[in-house]
Amino acid sequence: MASRHYGTMASRHYGNTAPRRHGITKPRTLVAVSSWDTWSSAARTRSAAARSRTDVIRIWSSAVRLWFADRRPSTFAVALRKRFSLYFALIAACWLPWIALTWPGAMRDDTMAQYLQAMGLHHYYTQHPLFDTLIFGLFWHFGAAAFGSPLAGQAVYTVVQAFALAAGGAFILCYIRKLGAPLWLVTVGLVYAAMSYVVVAASTTMGKDSLHTVFFLPMAVIFTEACLTRGRVLRRMPVAVAFTLLTFASVASKRTALPIVVCAGIGLLCVCAGRKSRRDGDRDPIAAPAPAPIACAAPAAPRLSDRARAAICLIVAVLLAQAVFAPIAAAATHASKSPGREVWGIVTQPVARLAHDDPSAIDPAQRRALDGIMDLDKAAATINPHRTDETFHTLKEPRRAADGTVVAPGPTPAQKLAAVRAWARLGLAHPLVYARAYAAQTRGWWNPNVNFAYPTDSDYLLRDGYLKQWSTYLTAAEVRRAGGGTGGSARMTAIARDLAPLAGTSARPQWQRDTLRAVRDWARGANAGTTAAASGTAASRPGNPLTSMALYVTWIPSMIALALVVGTVSWLRRRTSGTGSRDDRGLRADIGASPASRLAAFGLLFFTVMSLYASPEALFWYPIPVFAALPLFTALPFLRD
């Protein structure tokens, strides 16, 4: 009875017993305690996992914020010491496969003309910069003397130029990191410099544009720093000397660099501090503290203003290039002076287009004025809508006899002025014709559907069409040395013999040729330029937009300009609305952080692009400096005020 009561009470107290397992009955409370322990352990595990996930999310969020946030500006010396070797190694490592594929590099057409001059097959002339011709000649002669072939000198040049351009890219990345650009922008710039086709493939080309880029990149960095610091960086003598020499080399290596430097230099001088704007507190940050004044000491000579220093650097660089090096090089090589006719294409192209489409639109007086400087009928008959060569080659130039005597004088300044007036009046009367003429000529600069591919060897310059052109460069003595008279066939034989040392750069293993062909197809389209595509029997696949010149020449610079203009408007609104103290606003303007300094720095890119639009045609060689320098100017809108 007791046991039964106990069992009943136990049952009431503990509830029903749990199901029997193996003959053992467990109270439900013990089961509940065991379940609680299991749940608690699982809960702790889930809590720890949640905390781990939260920590991971927090770490990734911090990384993303760090990735997109502005970085604290540092000194350039620190950025170079910590990052230059890394950036240079990464860029060079990514370029090595392309260098190996295209070894020993490719020449552009103008470089072949410079080869004929440097090797004594034609007299020197100034249409192509003598600075470039002499540098190329050093490598060709070195290859011929050391290895028995000028092609070996070209191979050495390709390596030197590639590493110099890689160093220039690393220099730019260190600089924009020094400015405090966001980490993502520096990373994108590194990927662009290391892997972009328009930059990588240009590194193995032998031409005046790629050589000019070697000097343009570091010059652009110092120019930008001079603008952002309002010229204070030029107080350091090593920086001023380097800027002067690099500007000299840039002007001497490319003829269009002179107007670019002059126009961009005016912007630099506008933002540099003059003597009246200097303050006692605006001292050189690297200079030693000023000594205490001595009562009996004579007053110190006034120091040059930052604007004067910048002007001296620019003037000295231009004089070294134009008044010292150019005449000395021309005299040493006995070079003949080539007339600068390319810029006249701005005049000759639209009037030739109008004479071709509607000859009656030009009245007799206007025709006489234009015929005073050019052959208008010939220009209208031979016009090429996509370049100005055919029209400006009809310009009348002085004709000289073999002894240098002028047989027929060229147009007088009055005739040139009358032709410009006729061009302007016709443009006002027929603006649409002019617009179509300029749009067709510059189509490659603004149309994103126009793609290109760099050559990967120099053998294309040795085909019959080019050989016929090069044969006209040979002197009669060179032709007679080949034997067989002085006719056309003798000239072709002579030029083929003289250019034989450069032949064979396309003789590569099949896998190498297939790889390079795949790259060209990727860049321009599988059927681009083929007979089938030209005849319409095969559809040409659109090229890769990443190989469009317009993307880098027009659209990315336009977005940079738009961002700078928006930033300038926003800054002016804050300034006029009274945001911040008057002293703070004056300090910001004084230290060169205003948008005006960024616009002045952007001026170097702007005038380079304008020179491309004024060029005779949209040729992919011309914008190589723009391709390589874009990461520098892309960072300007991201700088702090």
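Here are some exercises with worked solutions on the predicted model shown above.

**Exercise 1. Get your bearings**

Work out how many helices and strands the protein chain has, and what share of its residues counts as buried.

Solution. Start with the secondary structure: the protein chain holds 28 helices and 4 strands. Next, take burial: 44% of the 641 residues count as buried. Finally, look at how contacts span the sequence. Taking contacts between residues at least 6 apart in sequence, 78% join residues at least 24 apart.

**Exercise 2. Find the cores**

Identify the residues with the most contacts inside the largest nonpolar core, and the helix that gives the most to that core.

Solution. The largest nonpolar core is made of 129 residues, and Tyr454, Trp470 and Phe627 have the most contacts inside it. Helix H9 (residues 208–228) gives the most to this core, namely 12 residues. Now zoom in on Tyr454. Setting aside neighbours within four places in sequence, Tyr454 is in contact with Tyr197, Val198, Ala201, Ala202 and Thr205, and also with Phe620, Trp621, Ile624 and Phe627. There is also a second, separate core of 21 residues, and Leu426 is one of its members, as are Leu370, Leu376 and Ala379.

**Exercise 3. Two partners for H18**

Decide how helix H17 and helix H13 are each oriented against helix H18: roughly perpendicular or oblique?

Solution. Take H17 (residues 413–429) to begin with. Its axis comes within 5 Å of the axis of H18 (residues 431–441), and the two cross at roughly 105°. Angles from 65 to 115 degrees count as roughly perpendicular, so H17 is roughly perpendicular to H18. On the H17 side, the contact uses Trp423, Leu426, Gly427, Leu428 and Ala429, which meet Pro431, Tyr434 and Tyr438 in H18. Sorted by class, that contact has 7 nonpolar residues, 1 polar and no charged ones.

Now do H13 (residues 345–357). H13 and H18 pack at about 120°, with their axes 9 Å apart, so H13 is oblique to H18. The crossing of H13 and H18 is right-handed. From H13, Ile346, Gln349, Pro350, Val351, Arg353 and Leu354 meet Val433, Tyr434, Arg436, Ala437, Tyr438 and Gln441 in H18. This contact divides into 8 nonpolar, 2 polar and 2 charged residues. Notice that Tyr434 and Tyr438 turn up in the contacts of H18 with H17 and with H13.

**Exercise 4. Spot the unusual backbone**

Locate the cis peptide bond and say which loop holds its proline. Then sort Arg230 and His334: which is buried and which is exposed?

Solution. Keep the background in mind: most residues other than glycine have a negative phi, and most peptide bonds are trans. The bond from Trp103 to Pro104 is cis, with omega near 5°. Pro104 sits in the loop between helix H3 (76–102) and strand E1 (106–107).

Arg230 has a positive phi of about 55° without being a glycine, and His334 likewise has a positive phi of about 55°. Arg230 is in the loop between H9 and helix H10 (237–253), while His334 lies in the loop between helix H12 (306–333) and H13. Arg230, with a relative accessible area of 17%, is buried. His334 has 67% relative accessibility, so it counts as exposed.

**Exercise 5. Place Thr568**

Determine whether Thr568 is buried or exposed, and what it touches.

Solution. Thr568 is in helix H25 (residues 549–576). Its relative accessible area is 16%, so Thr568 is buried. Not counting residues up to four places away in sequence, Thr568 touches Pro595 and Leu599.

Terms used
Residues numbered from 1 in each chain as written. Predicted model: local features only at pLDDT ≥ 70, side-chain atom pairs only at ≥ 80, totals over all residues. Heavy atoms only, no water. Axes fitted to C-alpha atoms, helices over the stretch in contact; angles between N-to-C directions. Parallel < 35°, antiparallel > 145°, perpendicular 65-115°, else oblique. Contact = heavy atoms within 4.5 Å. Nonpolar A, V, L, I, M, F, W, Y, C, P; charged D, E, K, R; others polar. Left-handed = near helix turned anticlockwise from the far one by under 90°. Core = buried A, V, L, I, M, F, W, Y, C linked by side-chain atoms within 4.5 Å. Buried < 20%, exposed > 50% of the residue type's maximum accessible area, 1.4 Å probe, protein only.
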